[in-house]
Amino acid sequence: MTQNSGGIDKILRIVVGLALIALTVMGVLPVWGYIGIVPLATGLMGWCPLYTVLGINTCPMKKTD
């Protein structure tokens, strides 16, 4: 698994995941809010399986000389 999520993408995934989980724990959202585990995990890993299928890569490219 090579990384395919860039910096801003990772940060947004982690924030959204934590927000969904926190709102569910506080009782604001029903149990489906635990779906926040998915963006949280993909943000922490830096790899999104859907990006792989769609051929998307937001990770900055390294220059090769």
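**In what order do the elements of the chain run from the N terminus on?** They go α-α-α. This is a predicted model, so to speak of local features a pLDDT of at least 70 is needed, side-chain atom pairs count only at pLDDT 80 or more, and totals for chains, interfaces and linings use all residues. Residues are numbered from 1 along each chain as its sequence is written, and side-chain values use heavy atoms, with hydrogens and water left out.

**View 1. The whole chain, with three helices and zero strands.** Helices (H or I, at least four residues) and strands (E, at least two) are DSSP runs, numbered from the N terminus. Lined up along the principal axes, the C-alpha atoms fill a box of roughly 55 × 20 × 15 Å. The radius of gyration of the chain is 14 Å, where a compact globule of 65 residues would have one near 11 Å; this radius is taken over C-alpha atoms, and the globule rule is 2.2 Å times the number of residues to the power 0.38. Of the 65 residues, 31% count as buried. Here buried means under 20% relative accessible area, exposed means over 50%, and partly exposed is in between (1.4 Å probe, protein chains only). About 4,800 Å² of the chain is exposed, and carbon and sulfur atoms supply 74% of that; the areas come from the Shrake-Rupley method with a 1.4 Å probe, and for residues only the protein chains shown count as cover. Look at contacts (heavy atoms within 4.5 Å) between residues at least 6 apart in sequence, and 60% of them join residues at least 24 apart.

**View 2. Arg13 and its partner Asp9 in a salt bridge.** Arg13 is found in helix H1, which covers residues 7–25. A salt bridge is a side-chain nitrogen of Lys or Arg within 4 Å of a carboxyl oxygen of Asp or Glu, and by this rule the count comes to one. In this pair, the closest N and O atoms are 3.0 Å apart. Why might two such side chains meet? Side chains of opposite charge can pair when their charged atoms come close. Asp9 and Arg13 are separated by about one helical turn, because they sit four residues apart in helix H1. Both residues are buried, with Arg13 at 14% relative accessibility.

**View 3. Arg13 reaching Thr42 in helix H2.** The side chains of Arg13 and Thr42 make a polar contact at 3.0 Å. A polar contact is a pair of N or O atoms within 3.5 Å; within protein, one must be able to donate a hydrogen and the other to accept it, and residues adjacent in sequence count only if both atoms are side-chain atoms. Helix H2 spans residues 37–45, and Thr42 is buried there at a relative accessible area of 7%. Leaving out residues up to four places away in sequence, Thr42 touches Arg13, Trp47, Cys48 and Pro49. Pro39, Leu40 and Gly43 of H2 are buried too, and the buried residues of H2 pack against H1 and helix H3 (49–54). Just after H2, Gly46 takes a positive phi of about 80°.

**View 4. Tyr51 in helix H3.** This tyrosine is buried, with a relative accessible area of 16%. Tyr51 and Asn4 are 47 residues apart in sequence, yet their C-alpha atoms are 7.1 Å apart in space. Setting aside neighbours within four places in sequence, the contacts of Tyr51 include Asn4, Ser5, Asp9 and Arg13.

**View 5. Gly33 in the loop between H1 and H2.** How buried or exposed is Gly33? Its relative accessibility is 0%, so Gly33 counts as buried. Beyond residues up to four places away in sequence, Gly33 touches Leu20, Ile21 and Thr24. Gly33 and Ile21 are twelve residues apart in sequence, with 5.9 Å from C-alpha to C-alpha.

**View 6. Cys48 and Cys59, with no disulfide.** A disulfide is a pair of cysteine sulfur atoms within 2.5 Å, and a search of the whole structure finds zero. Cys48 is in none, as the nearest cysteine sulfur, that of Cys59, is 13 Å away. That gap is too far for a bond. Cys48 is buried at 7% relative accessible area, whereas Cys59 counts as partly exposed at 21%.
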